Structure formats: C-alpha cells, structure tokens
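Reader: Hi, I'm in my first year and still learning how to read a protein fold. Could you go through this one with me, step by step?

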Amino acid sequence: YHIGFRQQVLSWPTNPVTHYISLIQSSFPPKSVIADLGCGDAALAKALIHKGYNVLSFDLVSNDDYVVAADICEKVPLPGGDEGGKIVDLVLCSLSLMSTNWLGCIKEAKRILTDRYVQLVI
C-alpha cells in the first residue's frame with residue numbers, strides 16, 4: 001500500500017502533507033502533541049519533530065522508527081501507557097478513513113484528544 005501511495009502522490013499537483021505542515025505550524029505552538037492516525041511513511045513527524053512538535057505516528061504497518069504499528073480504529077498505544085487518553089492536541093486523519101470500521105477511528109480520536117481538541121479529518 002505505501003509504495004503505491006508514494007507513486008500516486010507524485011502525480012498530484014501538491015502533496016497534502018506539505019499543506020498540513022504549514023497549517024500546523026501556523027496554528028499550533030511547538031510542544032503541541034499531534035497524533036497522525038494512518039501516518040504512512042510518517043512525513044508529518046519527520047518534518048515537525050525537529051521543530052519541537054511531539055508527533056505520534058500510527059499506522060497498521062511500521063517500516064520506520066517514527067511509526068508505531070497499531071490499528072488506528074482500536075486503542076492506540078499512547079506514551080507512558082496512558083490508558084485514559086486525553087493527551088493529544090490535534091489528531092490528523094489524512095486519507096486514512098477508508099476502511100469499513102472508520103467510525104472506530106473517530107471514536108479513538110475522541111478518546112485521545114484533550115478537552116480543547118482539534119480533529120482534522122481529510
């Protein structure tokens with residue numbers, strides 16, 4: 001899947017991740033906690049971590065040190081084993097809600113978001 005996605009993105013006028021990076025930098029301060037649910041190759045984390053953002057990257061398959069393998073429609077493993085969630089300032093679901101259990105991903109986003117949350121579904 002990831003190889004096919006990388007090839008597909010090359011044919012697009014712009015990579016949407018580039019837009020998300022700009023949006024996050026203009027709307028959220030460094031040290032914000034961002035969960036990228038269905039992160040693919042973790043491009044968001046690779047661009048933002050060195051700028052001071054805390055990016056948690058989850059995907060069904062992990063071929064990268066930045067990515068934690070997890071079913072994003074179930075309970076994602078949070079740092080410190082925080083079972084209660086509510087630690088994430090922004091959840092990004094970019095092209096990741098295509099499965100039949102996509103509603104589980106929305107519920108999981110709600111569980112991990114703080115009370116002042118923002119969920120960006122694209």
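**Strands and a helix**

Author: A good place to begin is strand β2, residues 54-59, where five of the six residues are buried, so the strand is largely enclosed by the rest of the structure. Please keep in mind that this is a predicted model.

Reader: Okay, and which strands does β2 pair with, and in what sense?

Author: Strand β1, which covers residues 33-37, pairs with β2 in the parallel sense over five bridges, and strand β3, residues 67-69, pairs with β2, again in the parallel sense, over three bridges.

Reader: Which residues are bridge partners there?

Author: Between β1 and β2, I34 has V55 as its bridge partner, and L37 stands opposite F58. On the β3 side, the bridge partner of D59 is A69.

Reader: What kind of unit do β1, α3 and β2 make?

Author: Together with helix α3, which spans residues 43-48, the strands β1 and β2 make a β-α-β unit, and that unit is right-handed.

Reader: Back to β1 for a second, is it buried or exposed?

Author: All five of its five residues are buried, so β1 is largely enclosed by the rest of the structure. Both of its faces are covered, with V33, A35 and L37 buried on one side and I34 and D36 buried on the other.

Reader: Why do the residues split up between two sides like that?

Author: In a regular strand the side chains alternate between the two faces of the sheet.

Reader: And which other strand pairs with β1?

Author: Strand β4, residues 88-93, pairs with β1 in the parallel sense over three bridges, and in that pairing D36 of β1 has L92 of β4 as its bridge partner.

Reader: Let me zoom out. How many helices and strands does the chain have, and in what order do they run?

Author: The chain has four helices and five strands, and, starting from the N terminus, the elements run α-α-β-α-β-β-β-α-β. Of its 122 residues, 40% count as buried. If you look at contacts between residues at least 6 apart in sequence, 57% of them join residues that are at least 24 apart.

Reader: What about the surface?

Author: The accessible surface of the chain comes to about 7,000 Å², and 59% of that belongs to carbon and sulfur atoms.

Reader: New topic: helix α4. Which of its residues are buried?

Author: In α4, the buried residues are G104, C105, E108, A109, R111 and I112. Seen down the helix axis, these buried residues fall within an arc of 160°, so they line one face of α4. The face turned away from that buried side carries the exposed residues K107 and K110.

Reader: Hmm, R111 is an arginine. Why does it count as buried?

Author: R111 has a relative accessible area of 18%, and because buried means under 20%, that value falls inside the cut-off.

Reader: So what does the side chain of R111 sit by?

Author: A polar contact of 2.7 Å joins the side chains of R111 and E108, and a polar atom of the R111 side chain lies 3.3 Å from the backbone oxygen of V76. R111 and V76 are 35 residues apart along the chain, and their C-alpha atoms are separated by 9.8 Å.

Reader: And E108, what is it in contact with further along the sequence?

Author: E108 is also buried, at 5% relative accessibility. Leaving aside neighbours within four places in sequence, E108 is in contact with I72, E74, K75 and V76.

Note on methods: Residues are numbered from 1 along each chain as its sequence is written. This is a predicted model: local features need pLDDT of at least 70, side-chain atom pairs count only at pLDDT 80 or more; totals for chains, interfaces and linings use all residues. Side-chain values use heavy atoms; hydrogens and water are left out. Buried means under 20% relative accessible area, exposed over 50%, partly exposed in between (1.4 Å probe, protein chains only). Helices (H or I, at least four residues) and strands (E, at least two) are DSSP runs, numbered from the N terminus. Two strands pair if DSSP finds at least two bridges between them. A crossover is right-handed if, with the strands pointing away from the viewer, the path from the first strand over the helix to the second runs clockwise. Contact means heavy atoms within 4.5 Å. Accessible areas come from the Shrake-Rupley method with a 1.4 Å probe; for residues, only the protein chains shown count as cover. A polar contact is a pair of N or O atoms within 3.5 Å; within protein, one must be able to donate a hydrogen and the other to accept it, and residues adjacent in sequence count only if both atoms are side-chain atoms. The arc is that of the directions from the helix axis to the C-beta atoms.
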